[in-house]
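Hello,

Here is the structure I promised to pass on. Please open it first, then read my notes below.

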2 protein chains.
Amino acid sequence: MQLNSYQPNRLDITFAALADPTRRAILERLMTGEATVTELVKPFSLSQPAISKHLRVLEQAGLVSRGRDAQKRPVRLEAQPLAEATVWLEHYRQIWEANYQRLDTLLEELKTRSETPTPKGAKQ
Amino acid sequence: MQLNSYQPNRLDITFAALADPTRRAILERLMTGEATVTELVKPFSLSQPAISKHLRVLEQAGLVSRGRDAQKRPVRLEAQPLAEATVWLEHYRQIWEANYQRLDTLLEELKTRSETPTPKGAKQ
DNA sequence: GTTGTATATTACTATTTAGTTATGCAACTA
DNA sequence: TAGTTGCATAACTAAATAGTAATATACAAC
């Protein structure tokens, strides 16, 4: 958005965070419970700072939160933004499906109607 | 992903497409039915090429498809990727909530158990 | 055939993103 | 106190993104 600096909202940030496969993998790992940064680094062929960066993105999206245990900074999942994103998706998907349904029945209606003598531009 | 060129998968592309507020607004508009490009440009203070670009992103994500009507290229919503994204979110959200629930009931259980004189690591 | 309308494409710019290596720092451990 | 562990931060680079203005194309209408 070049000039006119746009303030990204919650949904922007959540979806952007979810758009990266590494970050989704981190979330999946966290489904099984808390993890430290080094534990999260292990499964990936990425540097520790790279993972720390991803964690920052996830944290800013509110998708994870951090604790403190000596020099460790355990990461745990926070599900609320996932819930919000789901609500958005579900809402619009359902509206669409309702419309689709309506279109479907409309087409059905038109088809049966065309079986009776059709006026208009009918090539018949 | 710098070198080692990573092929973005469906979920990457879908979430990335949904991360932009303009694109979400376009999808919302399309919930009310098909629209031409110029119709989609109107509500925004963006140039026509900018909207065309957004449409390309949405199309590549499979979230919209295009028709043809003379020089117009009507855009309509396709809901399947929305469904897939919803499935992902719902899946992980539910796992998380299950864990959360389990932790909750576990804590509850521990609390009530501690009211009877239960010996330490007692399996009863 | 000229003009107008709807959209795509091109060429360019600024910003953001995802990665790297190197370094810093806090807290535990011997 | 010296070394080690766990993580963050800094400085940099390459690539992707979101926008622009200008131009091209394709069809319609006169």
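**Two copies, one axis**

A rotation of 180° superposes chain B on chain A, with 0.0 Å of shift along the axis and an RMSD of 0.1 Å. The two copies are thus related as by a two-fold rotation axis. Both copies use the same surface: 97% of the contact residues of chain B recur in chain A. Keep in mind that this is a predicted model.

**DNA strand C**

Start with the protein around this strand. There are 22 residues around DNA strand C. Those that come nearest are S47(A), K53(A) and H54(A), with T38(B) and S52(B) from the other chain. Of the strand's atoms that come within 4 Å of the protein, sugar and phosphate account for 60%.

Which elements each supply at least two residues of this surface? They are α4 (48–60) of chain A, plus α3 (37–41) and α4 (48–60) of chain B. The element that gives the most is α4(A), with four residues. By class, the surface near DNA strand C has nine polar, seven nonpolar and six charged residues.

Three polar contacts to this strand are worth a look:

- V37(B): a backbone N or O atom lies 3.3 Å from a phosphate oxygen of DNA strand C.
- R73(B): a polar backbone atom is 3.2 Å from a phosphate oxygen of DNA strand C.
- Q48(B): an N or O atom in the side chain is 2.9 Å from a base nitrogen of DNA strand C.

So much for the first strand. The backbone atoms of V37(B) and R73(B) face phosphate oxygens, whereas the side chain of Q48(B) is paired with a base nitrogen.

**DNA strand D**

Now the other strand. DNA strand D is surrounded by 22 residues. The closest are T38(A) and S52(A) from chain A, with S47(B), K53(B) and H54(B) from chain B. Here, sugar and phosphate make up 65% of the strand's atoms that come within 4 Å of the protein.

Again, three polar contacts:

- V37(A): a backbone N or O atom is 3.3 Å from a phosphate oxygen of DNA strand D.
- S52(A): an N or O atom in the side chain is 2.7 Å from a phosphate oxygen of DNA strand D.
- S47(B): a polar side-chain atom is 2.5 Å from a phosphate oxygen of DNA strand D.

Two or more residues of the surface near DNA strand D come from each of α3 (37–41) and α4 of chain A, and α4 of chain B. The largest share is that of α4(B), with four residues. The classes are nine polar, seven nonpolar and six charged residues.

**How α4 packs on α2**

Next, the helix pair within each chain. In chain A, helix α2 (residues 21–30) packs on α4(A) at an angle of about 75°, with the axes 10 Å apart. That makes α2(A) roughly perpendicular to α4(A). From α2(A), T22(A), R23(A), I26(A) and L27(A) take part. They meet I51(A), H54(A), L55(A), V57(A) and L58(A) of α4(A). The contact of α2(A) with α4(A) has six nonpolar, two polar and one charged residues.

H54(A) therefore deserves a second look: H54(A) is in the contact with α2(A) and is also among the residues that come nearest to DNA strand C.In chain B, the axes of helix α2 (residues 21–31) and α4(B) come within 10 Å and cross at roughly 75°. So α2(B) and α4(B) are roughly perpendicular to each other. T22(B), R23(B), I26(B) and L27(B) of α2(B) make the contact with I51(B), H54(B), L55(B), V57(B) and L58(B) of α4(B). By class, this contact has six nonpolar, two polar and one charged residues.

Best wishes

Conventions. Residues are numbered from 1 along each chain as its sequence is written. Chains are lettered from A and ligands numbered from 1 in the order in which they are written. This is a predicted model: local features need pLDDT of at least 70, side-chain atom pairs count only at pLDDT 80 or more; totals for chains, interfaces and linings use all residues. Side-chain values use heavy atoms; hydrogens and water are left out. Copies are superposed by least squares on the C-alpha atoms of residues with pLDDT of at least 70 in both. Contact means heavy atoms within 4.5 Å. A residue is near a molecule or strand if one of its heavy atoms lies within 4 Å of it. A polar contact is a pair of N or O atoms within 3.5 Å; within protein, one must be able to donate a hydrogen and the other to accept it, and residues adjacent in sequence count only if both atoms are side-chain atoms. Ala, Val, Leu, Ile, Met, Phe, Trp, Tyr, Cys and Pro count as nonpolar, Asp, Glu, Lys and Arg as charged, and the others, Gly among them, as polar. Axes are lines fitted to C-alpha atoms, for helices over the stretch in contact, and angles run from 0 to 180 degrees between N-to-C directions. Angles under 35 degrees count as roughly parallel, over 145 as roughly antiparallel, 65 to 115 as roughly perpendicular and the rest as oblique.
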